[in-house]
Amino acid sequence: MSSEASLNALKVYRQLLKAIKKHIGQEQDYKKHFKDFVMIEFRKNSNLSENSSIQQKIKLARDYTFLLNSVHHHKDLLFSYNIAVDRSDEMKRILGKSAASVGLQLPEVYKS
């Protein structure tokens, strides 16, 4: 592949792995196969010359990354607008992020 195409593929690969780590997780064994599949597919196609098949796979990976991020963003929006749902966990998460952004930690009262 040309250097520009290689850089584009690497960028898509990193974004996809980041989305998988953030939204699917990697700590449990039953979720690990998502990341493993992506790694195998990108390594398998890394030595092939540039053709439409590889470009289609890169576009598919970019689209899947966009889908993962969009679905989870949509889910977060739905939870934030639903007033019938207990929002205490969401508020703890928001408070934790706010405290962490200035280098602090929440007291034990707000945790758990």
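Colleague: A residue is buried when its relative accessible area is under 20%, exposed when over 50%, and partly exposed in between (1.4 Å probe, protein chains only). Buried, exposed or partly exposed: which class applies to leucine 67?

Modeller: This is a predicted model, in which local features need pLDDT of at least 70 and side-chain atom pairs count only at pLDDT 80 or more, while totals for chains, interfaces and linings use all residues. Residues are numbered from 1 along each chain as its sequence is written, and side-chain values use heavy atoms, with hydrogens and water left out. Leucine 67 has a relative accessible area of 46%, so it is partly exposed. Leucine 67 sits in helix 3, and its C-alpha is 9.7 Å from that of alanine 19, although 48 residues separate the two in sequence.

Colleague: What share of the chain is buried, and which elements does the chain contain?

Modeller: Helices (H or I, at least four residues) and strands (E, at least two) are taken as DSSP runs, numbered from the N terminus. Here the chain has four helices and zero strands, in the order α-α-α-α from the N terminus on. Of its 112 residues, 22% are buried.

Colleague: How should I read the packing of helix 1 against helix 2?

Modeller: Two packed helices are described by the angle between their axes and the distance between the axes. The axes are lines fitted to C-alpha atoms, for helices over the stretch in contact, with angles from 0 to 180 degrees between N-to-C directions. An angle under 35 degrees is called roughly parallel, over 145 roughly antiparallel, 65 to 115 roughly perpendicular, and the rest oblique. In this model the axes of helix 1 and helix 2 come within 10 Å and cross at roughly 170°. The two helices are therefore roughly antiparallel. Helix 1 contributes Ala9, Val12, Tyr13, Leu16, Leu17, Ile20 and Ile24 to the contact, and helix 2 contributes Phe34, Lys35, Val38, Met39 and Phe42.

Colleague: Which residues have the most contacts inside the largest nonpolar core?

Modeller: Such a core is a set of buried Ala, Val, Leu, Ile, Met, Phe, Trp, Tyr and Cys residues joined through side-chain atoms within 4.5 Å. The largest one here has 15 residues, and Tyr13, Leu16, Ile20, Val38 and Phe42 have the most contacts inside it. Two or more residues come from each of helix 1 (3–24), helix 2 (32–44) and helix 3 (52–81). Helix 1 gives the most, with eight residues.

Colleague: What does isoleucine 20 touch beyond its neighbours within four places in sequence?

Modeller: Contact means heavy atoms within 4.5 Å. With those neighbours left aside, isoleucine 20 is in contact with Gly25, Phe34, Lys35, Val38 and Leu68. For the chain as a whole, 52% of contacts between residues at least 6 apart in sequence join residues at least 24 apart.

Colleague: Where is threonine 65, and what does it contact outside four places in sequence?

Modeller: Threonine 65 lies in helix 3 and, at 7% relative accessible area, is buried. Beyond four places in sequence, threonine 65 contacts Gln15, Leu16 and Ala19. Arginine 62, also placed in helix 3, is partly exposed at 35%. By the same sequence exclusion, arginine 62 touches Asn8 and Val12. The C-alpha atoms of arginine 62 and leucine 16 are 7.2 Å apart, with these positions 46 residues apart in sequence.

Colleague: How many salt bridges are there?

Modeller: The rule asks for a side-chain nitrogen of Lys or Arg within 4 Å of a carboxyl oxygen of Asp or Glu. The count comes to one. Aspartate 63 pairs with lysine 59, their closest N and O atoms lying 3.0 Å apart. The partners are four residues apart in helix 3, which means a separation of about one helical turn. Aspartate 63 is partly exposed at 37%, and lysine 59 is partly exposed at 45%.
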